[in-house]
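Subject: Structure for your review

Dear colleague,

Please find below the structure that I am handing over to you. I would be grateful if you would open it alongside this message, since the notes that follow are meant to be read with it in view.

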Amino acid sequence: METTSILPLLILGSSFIPGTLILLLREDQSSQRTFLNIFGAVAKVSLIALVFAGYMRGEDYTFVFSLAPGLNFTLRVDLLGLFFATLSAVLWLITTLYAIGYLEGGRHRRRFFAFFSYCITASTGIALSGDVVTFFIFYEFLTLSTYPLVVHLGTDKAVNAGRTYLWYTIGGGTILFLGVVGLSVIAGPIHFGQTEIIASLISENATQLAILFFLMLAGLAVKAAIFPLHSWLPISMVAPAPVSALLHAVAVVKAGAFGIIRLVYDVYGIETAGYMNLLTPLAVFAAFTIIYGSVRALFQDDFKRRLAFSTVSQLSYIALGVAITGVLSSTGAIVHLVHQGIMKITMFFAAGIVAETYGFYKISEMNGIGRRMPLTMGAFAIAVFGMIGLPPVAGFISKWYLGLGAIETGSYWVVLVLLGSSALNAAYFLPIIYRAWFCEPVQELVPRRRSGRLETQALMLIPVVVTGLLSLAAGVFAAVAGSPLSIAREIAERLYLL
Amino acid sequence: MIWFLTIALPLLAAIITAFIPAGRRGSGLFFVSATLPAIWLGLVDESGVTAQWFLLESHFSLDTPRRILLLLTGILWATSALFAGSYLKDDARRGEFSFYFGAAMAGNFGLLVSAEAASFYTFFALMTFASYGLVIHSRTPFARRAARIYLVMAIIGELFLITALYLAVKSAGSMLLADIPPALAEDPNGPIIFFLGLIGFGVKVGAIPLYFWLPLAHPAAPAPASAVLSGAMIKAGLVGWMHFAPVGLVEWTSLSFLMVSLGFTAALGAAIIGLTQVDPKTNLAYSSISQMGVMTVILGIGLYGGIPGGLILPALALYAYNHGTAKALLFLGTALPARVGGFWRILMWAGLGTGVLAIAGGPLTGGLWTKYLLKTFLGETSLPGAQTFLILLTLSAITTTLLLSRFLHLLHRIEAPSENAVPAFILPWILLLLAGGWWTLSPALLPTGLMNHITKENGIMVFFWNRFTNWSALWPITVGIVVMAFTLRFATLNLWPAKKPLLPPGDFLHIILLAGDLFAKLLRKGISLLESGLHSVQGPEQIFYRVTDNKRTSQISDSAETTLRRWEFVGIGFFIFFLTLLLLL
């Protein structure tokens, strides 16, 4: 018998309500807006911590609301969901601070922060959804709530990017919708974790189930930016830096990756999916995306564009890890959800700071920037080493588990993909480090656009330093209980022991 | 605690000396204190510890060979730090130098004390990437180029290394490095895994054919950094090999032959190429490649089996100790001739001469003893052709002497200061001279098992004074010196290049670069073809624009957008959305 708890709903409300209240404020009421933002973000982190502690004690948090007969709106807390929700909440808090600094004196801040809150509501909703239908509702909510953020600047470029973004994501949503409806028709309502439902159906409905799997996968792959459905991602980087940061680290792309994890592990079940041979195509596409994204990143001079293609590549690590059976690769995939998030958000923060403070948007302009902003570029350097997979940064831990997992199952080609990606990552990231730290600036004096005693505005500097240090700590203290790795390992072990 | 301090203190010193002005002034002393835990661990046998909070659960402990190497490493970093503190006193970038110096030091100590794969790899990477900052320090075009080639090779090495580690850890079923050699000995894929490790670490060691970055990068760094690069950090690759090599457990004939022949090729070939150089530091870098070749030979013999690893590996470490101290002495010595005058010059030449003799294995040096260890194993091994190898080894003593006497001659050309000058950094240099290869004879370093095996009941000093061993060490060196002296004396024989090296440093790198240029040109052409192709066929990403840029679609979506952008209407949108959802189900 399920107990009903209001806490999951409160977690959603902690960003939804401030978001709505912000809409009711006037544009110039910035202190009230800031208060609401920070209050919501802190409340969310605290609530999730509360739920996390309770969950670890063995308590069950479920909220069910009947939308229609046989159609429930279910919020349920499980470890994987909490893991993702924690990532969203913590990074939202950090990004909010950053955004307040970044947008200081900007236009349409009311709209921005409202949708920013909605966006994170959707993201946590995805994390806490208890069944396929609820997941889909939040997945679409996410699409719509991020659109105003992508077009925030209102320039032609931004509007065009927003259009492309909508085309892709609505298209993906439609495909996902077909899959979800089909699944509901065949299997009835499926709660995450009830893998036995599909397992009992594969003898009769194998073909249908396989088609539905790929339909849903395609729908999710759009947001997860798997080739050939990735093009929206590099284009939507025209959005302001905090949006790109959140988009690339948590909100949109992670929703896709998280959805793939849910689909494979909690809907079909890793055994069924493996038995039906559904994972090989996913592995191939993911592997190709890893290399393709890296190769494209090599040729970008625009800082954020290069980062965007890097996201395309790095995200597919998660899909690749999911596609390989085994505790180790599952651990690698799940932990990369968090690791990629904190590393990539650091990079986008840094890109935003450089652009806002000195007006440098291109990598070729960044000679000697390390001397001018040592903390920003130091944090960026940590993230770069993590992306390459060098220890002791977080990315190494992900790659270590993915590599060992691949060898465990004898998929040596995956190791080659990982190595190739490491080499390419080094090839497109290290030149940035080289320019920033080892080249002399072309112009001695560049006017600074942002004042402040520090190298840039404190509200922008602190987030980047914090996430940079988090990326380092997630690797250095990976063995400590409570680290992302320890949680990911527990999730993976439960998957395979059940 | 001491294990933790070994790594933490250098990192702390790096931060203090790089960012705090007071720390910058006393950088030498800060770094010397940071090496003390490492030197302590090198001298005193401490039991290992487990750090459950670090990375994937780390273990720190030492075995005899690594303890010897740690002592060597500690001494070299300490003396080089003192040297650098005075030598780079007026350098504009000394803060940066300190930062990379300290980070590389932490990596170097850390990889030696790590007994587990993840932390070993971590510190290996830390050292590798931190020393990039040392190589590029002077920011000259030469240094930038050397650093770039260094970095590319280092990354290639890392990739091979991580593959080897993945496979080895999987094969051993444990993260402990000590479990790897026995597991590889059992595993049918063992030789392949070892071969990957051989390549991965071979980059650092400067093994043929992966050495070409070394004659560029080691000389590019300032003298104290070159000293630790060529004396200490190069040995990190050797440590890696030792972690992978199931010495005494297997009979891998082909790998053994491969390593012995590559080793001798390096020992002789690098010395000969080094002779064509005109920069004393490049000359020394080639000598390092040559000496690492000799160590490759010892390890290769170990892979043929028959001799227990408990004897070969400490012997290898002792050889490395002698080479490391002497090589660092010579590298630091390259900074002296321009600054030392008068009476001190005599001391300088005596010290440099001792260093040269120690590397060449001259009489009454530590080199004599450590080379004798190698000869003993060559005599004992059942590896076919061991007699030829003994001859080759003697030959390598001649080429090494030629190479290093040429080095002395190159130093000799540097103009001496007129007055009786002596820089402060001669003190650490003298300390390093005192810490030299003779210590390999002392019981503090020499394991009893190895000593008993080599000297039987005679005792070590009897061996050391033995007329025959000293004579057999003396004549190849005399031959080398005499040849060099003759060719320098008589103009018709003096074919040595004076201004430009006969072969550019990095020799066959230039062939690679030429091929690489050609390849890059082709690649660029291919890419531009591909790009124009993509534009004409509307590649995967372009196809979508065709849809989205279509007038009609853009009109529709534009109007949709204006509605959407007015956020007040989003609520209606959601309402309709949910309504559709309900109706559909």
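Two residues are said to be in contact when heavy atoms of theirs lie within 4.5 Å. By that rule, residues 24 or more positions apart make up 82% of the contacts in chain B that have a separation of 6 or more. For chain A the corresponding share is 79%. Please keep in mind throughout that this is a predicted model.

The two chains

Chain A contains 20 helices and 2 strands, while chain B contains 25 helices and 2 strands. Along the principal axes, the C-alpha atoms of chain A fill a box of roughly 70 × 55 × 45 Å. The C-alpha trace of chain B spans about 105 × 60 × 50 Å along its own principal axes.

What radius of gyration would a compact globule of 498 residues have? The expected value is near 23 Å, and chain A, with 21 Å, agrees with it.

Burial is described here by relative accessible area: a residue under 20% counts as buried, one over 50% as exposed, and one in between as partly exposed. In chain A, 68% of the 498 residues are buried. In chain B, 58% of the 585 residues are buried. Chain A exposes about 15,900 Å², of which carbon and sulfur atoms supply 67%. Chain B exposes about 23,300 Å², and there carbon and sulfur atoms supply 70%.

As for charge, chain A carries 30 positive and 24 negative side chains, and the centres of these two sets are 11 Å apart. Chain B has 35 positive and 26 negative charges, with mean positions 12 Å apart.

The nonpolar cores

Which residues touch the most other members of the largest nonpolar core? That core has 385 residues, and the residues in question are Leu183(A), Tyr268(A), Phe380(A), Trp400(A), Phe194(B) and Phe244(B). Trp400(A) deserves a look on your screen. Leaving out residues up to four places away in sequence, Trp400(A) touches Leu56(B), Ala117(B), Ile162(B), Leu165(B), Tyr166(B), Val169(B) and Met175(B). A second core, separate from the largest one, consists of 5 residues, among them Ala271(B), Leu402(B), Leu403(B) and Met484(B).

Two residues in helices of chain B

Thr401(B) is located in helix 17 of chain B, which covers residues 386–412. Is Thr401(B) buried or exposed? Its relative accessible area is 2%, under the 20% limit, so Thr401(B) is buried. Apart from residues up to four places away in sequence, Thr401(B) touches Ala360(B), Pro476(B), Ile477(B), Gly480(B) and Ile481(B).

Phe257(B) belongs to helix 12 of chain B, residues 253–275. Its relative accessibility is 31%, which lies between the two limits, so Phe257(B) counts as partly exposed. Setting aside neighbours within four places in sequence, Phe257(B) is in contact with Leu383(B), Pro384(B) and Phe389(B). The C-alpha atoms of Phe257(B) and Gly385(B) are separated by 9.9 Å, although these residues are 128 residues apart along the chain.

Backbone details

Most peptide bonds are trans, and most residues other than glycine have a negative phi. The following places depart from this.

- In chain A, a cis peptide bond with omega of about 0 degrees joins Phe227(A) and Pro228(A). Pro228(A) sits in the loop between helix 7 (195–223) and helix 8 (232–235).
- In chain B, a cis peptide bond with omega of about 5 degrees joins Ile208(B) and Pro209(B). Pro209(B) sits in the loop between helix 9 (190–205) and helix 10 (214–220).
- Ala225(A) is not a glycine, yet has a positive phi of about 55 degrees. Ala225(A) is in the loop between helix 7 and helix 8 of chain A, and with a relative accessible area of 0% this residue is buried.
- Glu57(B), also not a glycine, has a positive phi of about 65 degrees. Glu57(B) is in the loop between strand 1 (49–51) and strand 2 (58–60) of chain B, and is partly exposed at a relative accessible area of 36%.

With kind regards

Methods: Residues are numbered from 1 along each chain as its sequence is written. Chains are lettered from A and ligands numbered from 1 in the order in which they are written. This is a predicted model: local features need pLDDT of at least 70, side-chain atom pairs count only at pLDDT 80 or more; totals for chains, interfaces and linings use all residues. Side-chain values use heavy atoms; hydrogens and water are left out. Helices (H or I, at least four residues) and strands (E, at least two) are DSSP runs, numbered from the N terminus. The radius of gyration is taken over C-alpha atoms; the globule rule is 2.2 Å times the number of residues to the power 0.38. Buried means under 20% relative accessible area, exposed over 50%, partly exposed in between (1.4 Å probe, protein chains only). Accessible areas come from the Shrake-Rupley method with a 1.4 Å probe; for residues, only the protein chains shown count as cover. Lys and Arg count as positive and Asp and Glu as negative; His and the chain ends are not counted. The place of a charge is taken as NZ of Lys, CZ of Arg, CG of Asp or CD of Glu. A nonpolar core is a set of buried Ala, Val, Leu, Ile, Met, Phe, Trp, Tyr and Cys residues joined through side-chain atoms within 4.5 Å.
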